[in-house]
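Hi everyone, thanks for coming. Let me put the chain up on the screen, and then we'll walk through a few parts of it together.

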Amino acid sequence: HKVLNLLLTYDPKSLDPAIGLYAAQVKVVVECLFEPLVRFDFETQSAVPALARSWEVSPDGLVWTFKLRDDVVWSDGVPVTAHDVEFSFKRLVDPAVASPLSGRLILLKGAKEVLSGESNDLSSIGVEALDDYTVRFTLAYPAPYFLVLVASLGFPVPQHAVEEYGEEWTDPANIVTDGPFLMKNFIHYNKIDLVKNPDYYDAQNVDIDEVHFIYVDSESTGLAMYEAGEVDTASVPFAEIDRVKSDPVLSKEFVSVPWLATQEVQFN
């Protein structure tokens, strides 16, 4: 029985992919619960199949057609279909949802007009289910990075559950997911407990039985919990780096990686 204990220093306002994916820590929880259309493989630096088995792009780079797996089900037993994908991408752009990710989809045909308020017709947005397991995206301009974009925000949500429960659809009593883990409970500013999803299409390759996300309000508290063996990973505050590097045990467990980021300074 394998259990993974992780830290959250940020309390997720929502586990709705349209909202939660904006915060890096919450993205980890969302990726446990929901299956993306495609996944980004950091070793090969390319998009790989997930919910979509395959895809093709038109010669002009404007039309992307994805073929979906037909063996993925939501946790209430309803099949995951291309209609969920269409609904989810249009929902990301919908100003009423106010997704912080919406601006990234400005490359979809019709999205700019909806986001700017010129149009309120969500049906004009360039994503369409051709049948239950085929979905077509039409772009406003060619974008070779479209697959990477889809891998970062393309986590379809269950149309039937969202329409039934509205903003409460991600409450523990209502949430419907399709990822490698199921939500057991979620107590704000405390913890999120997940258990392995036996109905996940790739369950045989999920090696962990439970994941516990434990909320702490500071990195130093998290590091102390790591040293006490209460969690399996922690970030090291700047003030503690010298101590960690000189510690005979912790220095062997310390990993430093480059952080690829774009930052800006805004002048008032």
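So, to start: how many bridges join strand β2 to strand β3, and do the two run parallel or antiparallel? There are four bridges, and the strands run antiparallel. Before I go on, do keep in mind that this is a predicted model. If you want to find the pair, β2 covers residues 38-41 and β3 covers residues 46-49. One pairing you can look for is Arg39, whose bridge partner in β3 is Val48. Now look at the turn. This hairpin has four residues between its strands, and Gln45 there takes a positive phi near 55 degrees.

A quick reminder for anyone new to this: strands of a sheet pair through backbone hydrogen bonds, and they can do that in a parallel or an antiparallel way.

Okay, on to the next sheet. This one is open and has four strands, in the order β4-β5-β7-β6, with antiparallel pairing. At the edges you've got β4 (52-57) and β6 (127-131), each of which pairs on one side only. Going from one strand to the next, the twist averages 20 degrees.

Let's zoom in on β5 and β7. Strand β7 is residues 134-138, and it pairs with β5 over five bridges, in the antiparallel sense. Within that pair, Lys67 stands opposite Thr134 of β7.

And what packs on the sheet? That's helix α3, residues 82-93, which touches β5, β6 and β7. The direction of α3 makes about 170 degrees with that of β6. There's also helix α5, residues 146-153, lying across β4, β5 and β7. Helix α5 runs at about 45 degrees to β5.

Now for a single residue: Thr65, in strand β5, which spans residues 63-68. Is Thr65 buried or exposed? Its relative accessibility is 18%, so Thr65 counts as buried, because the cut-off for buried is under 20%. Leaving out residues up to four places away in sequence, Thr65 touches Ser54, Trp55 and Glu56, and also Thr134, Val135 and Arg136.

Last stop, the loop between β4 and β5, where you'll find Ser58. Ser58 has a relative accessible area of 19%, so this residue is buried too. And what lies 3.4 Å from a polar atom of the Ser58 side chain? It's the backbone nitrogen of Leu62.

That's my tour, thanks for listening!

Technical notes:
Residues are numbered from 1 along each chain as its sequence is written. This is a predicted model: local features need pLDDT of at least 70, side-chain atom pairs count only at pLDDT 80 or more; totals for chains, interfaces and linings use all residues. Side-chain values use heavy atoms; hydrogens and water are left out. Buried means under 20% relative accessible area, exposed over 50%, partly exposed in between (1.4 Å probe, protein chains only). Contact means heavy atoms within 4.5 Å. Two strands pair if DSSP finds at least two bridges between them. Axes are lines fitted to C-alpha atoms, for helices over the stretch in contact, and angles run from 0 to 180 degrees between N-to-C directions. A polar contact is a pair of N or O atoms within 3.5 Å; within protein, one must be able to donate a hydrogen and the other to accept it, and residues adjacent in sequence count only if both atoms are side-chain atoms.
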